[in-house]
Amino acid sequence: MENKKKKGFLDEFFIKNSMDLPFFLLLLLVLAIGLVMLLSSSYFYAFYNTAGNDSLHYFKRQLFFAITGLGIMYIVSKLDYKYLKLFGTIGMGVSLLLLVIVLLMPSEDGIKRWIDLGFFQFQPSEVAKFMLILFLANGLSKDYKKLTSSKLSKESFAKQIYAMSGNKILISQGTTTLFYYLFVVVVIAGLVALESHLSGTILILGIGVIMLWLGEGRAKWFAIGATVAIVAVIIVVKEYDNIPLLRDYMAERIKAWLDKDYEPTGARWQTNQSLYAIGSGGFFGSGLGNSKEKYLYVSEPQNDFIFAIVCEELGFVGATAILLLYGALIVRGITIGMHAKDRFGSLVAFGMVFQLGLQVALNVAVVTDTVPNTGIGLPFFSYGGSSMWLCLAEMGAVLSVSRQANMPKVYTFKKQKVK
């Protein structure tokens with residue numbers, strides 16, 4: 001008889017199966033290019049704006065966040081993803097608490113986005129994005145039958161409405177379930193909105209809609225929601241000066257987006273310089289390190305507008321290649337989700353890569369002046385510790401799903417036994 005090895009304590013939590021190598025290599029390639037471009041875009045700005053004129057200030061910190069983030073990603077990837085259900089439940093409560101705490105912090109011009117621990121700052125909205133995906137993936141997979149049910153809801157208010165309407169107004173289990181999870185999304189988005197964090201609010205709402213759609217909520221509600229959203233956007237764009245909920249800086253950004261001649265040395269400055277950078281890059285670019293706009297023209301070029309420097313130095317060809325790499329990463333993540341062993345795994349993989357794609361699309365739209373400036377970073381390129389750690393943790397969750405996905409295990413460093 002064969003001697004069976006006893007499972008260690010950690011064997012219950014960690015998976016020994018191989019992770020998906022194409023996804024991992026694509027991620028490393030995007031991350032490596034991001035680090036190179038951050039160094040190129042930031043060294044001049046860092047020289048003039050840091051103590052000791054340290055040109056490598058942002059690069060060294062970002063490199064540290066990337067290396068430690070890869071460690072976080074590896075640990076998450078080894079974790080049996082079924083335990084992410086617990087993370088989503090507990091993490092959602094923690095996220096709500098952090099979003100409330102940040103509102104109690106001292107504000108900077110009415111903007112409250114960061115919790116400062118002294119040695120490190122982080123944005124609770126970054127944590128909220130990750131935990132919202134896990135929470136919705138768990139809930140929507142668990143309540144799938146309710147979400148797709150046409151039966152009368154068991155909630156007392158639904159039964160009362162049904163009876164009062166003469167058995168004409170049916171509120172189904174699917175509707176109440178959908179609106180429960182939509183309520184959670186709106187609460188999170190509302191708290192982020194109170195931070196005056198427009199880009200974070202848009203991302204949270206986008207994640208919520210994508211996850212509810214993937215969870216197979218009824219199509220009619222999405223059609224109604226899309227109609228309402230389009231009307232709301234039109235109203236905001238046309239009446240931004242008369243909407244009390246919009247802060248002054250938000251209204252000014254909309255005005256600057258609509259009127260290309262508005263305050264060229266003020267509200268339009270960053271966007272105009274971004275467009276100059278993109279235009280001067282041409283087809284093949286000026287060459288790595290040869291950007292002129294990063295010399296204190298594009299404000300903080302290592303942050304939200306780093307893609308403009310990418311376009312200037314690498315040109316249309318280089319920028320397109322980077323977007324194709326993002327696309328390949330997302331497609332591979334979708335493939336992993338399609339082959340996941342259960343609905344929860346599929347929703348986790350889909351949610352993580354769709355969130356990545358949404359953030360990339362919004363960043364490029366802002367940099368190219370397609371939408372108003374909302375201050376949204378480019379994943380793995382823009383400077384930021386909490387963003388880097390959370391993005392890599394999200395990719396670790398996708399790799400965790402891939403370890404148990406129903407896919408050919410041909411991508412492995414392990415020796416295969418010959419039968």
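**Figure 1. S402 sits in helix α14 of this predicted model.** The helix covers residues 385-403. S402 counts as buried, at 2% relative accessibility. Its side chain has a backbone partner. A polar atom of the S402 side chain lies 2.6 Å from the backbone oxygen of L399.

**Figure 2. E312 is a buried glutamate of helix α12.** Is E312 buried or exposed? Its relative accessibility is 4%, so E312 is buried, the cut-off being under 20%. Two polar partners of its side chain can be shown here. One is the side chain of S291, in a polar contact of 2.6 Å. The other is the backbone nitrogen of K292, which lies 2.9 Å from a polar atom of the E312 side chain. Setting aside neighbours within four places in sequence, E312 also touches A277, S280, G281, G285 and S286, along with S291, K292 and E293. S280 deserves a label. It is 32 residues from E312 along the chain, yet the two C-alpha atoms are separated by 6.0 Å.

**Figure 3. Helix α12 bends at G315.** Where does α12 bend, and by how much? The bend is at G315 and comes to about 120 degrees. The end-to-end span can be read alongside it. α12 has 33 residues, and its end C-alpha atoms are only 33 Å apart. A straight helix would reach 48 Å at 1.5 Å a residue. E312, shown in the previous view, belongs to this helix.

**Figure 4. F305 is buried in the loop between α11 and α12.** The flanking helices are α11 (269-281) and α12 (306-338). F305 has a relative accessible area of 1%, so this phenylalanine counts as buried. Which residues does F305 contact, beyond its neighbours within four places in sequence? They are Q270, T271, S274, V298, V366, V367 and N373. G375 can be marked for distance. F305 and G375 are 70 residues apart in sequence, but 8.7 Å apart in space, C-alpha to C-alpha.

**Figure 5. E300 and D369 are loop residues with positive phi.** Neither residue is a glycine. E300 lies in the loop between α11 and α12. Its phi is about 45 degrees. D369 lies in the loop between α13 and α14. Its phi is near 65 degrees. How buried or exposed is each residue? E300 counts as partly exposed, at 37% relative accessibility. D369 is buried, with a relative accessible area of 12%.

**Figure 6. Helix α8 packs against four named helices through its buried residues.** The helix runs over residues 198-214, 17 residues in total. From first C-alpha to last, α8 reaches 24 Å, close to the 24 Å expected at 1.5 Å a residue. Which residues of α8 are buried? The set comprises S199, G200, T201, L203, I204, G206, I207, G208, M211 and L212. What do these buried residues pack against? Their partners are α4 (124-142), α7 (173-194), α9 (219-239) and α13 (343-367). After α8 comes E216, with a positive phi near 70 degrees.

**Figure 7. C311 and C391 are buried cysteines in a structure with zero disulfides.** C311 has 8% relative accessibility, so it counts as buried. C391 is also buried, at 5% relative accessibility. A disulfide would be a covalent bond between the sulfur atoms of two cysteines. How many disulfides does the structure hold? The count is zero.

**Figure 8. The whole protein has 14 helices and two strands.** This view sets the close-ups in context. Of the 419 residues, 48% count as buried. Among contacts between residues at least 6 apart in sequence, 72% join residues at least 24 apart. The F305 and G375 pair is 70 residues apart in sequence. The accessible surface comes to about 21,500 Å². Carbon and sulfur atoms account for 66% of that surface.

Terms used. Residues numbered from 1 in each chain as written. Predicted model: local features only at pLDDT ≥ 70, side-chain atom pairs only at ≥ 80, totals over all residues. Heavy atoms only, no water. Buried < 20%, exposed > 50% of the residue type's maximum accessible area, 1.4 Å probe, protein only. Contact = heavy atoms within 4.5 Å. Areas by Shrake-Rupley, 256 points an atom, 1.4 Å probe, with all protein chains shown as cover. Expected span 1.5 Å × (residues − 1). Bend = angle between axes of the 7 residues up to and from the residue. Polar contact = N/O pair within 3.5 Å; in protein donor to acceptor, adjacent residues only side chain to side chain. Disulfide = S-S within 2.5 Å.
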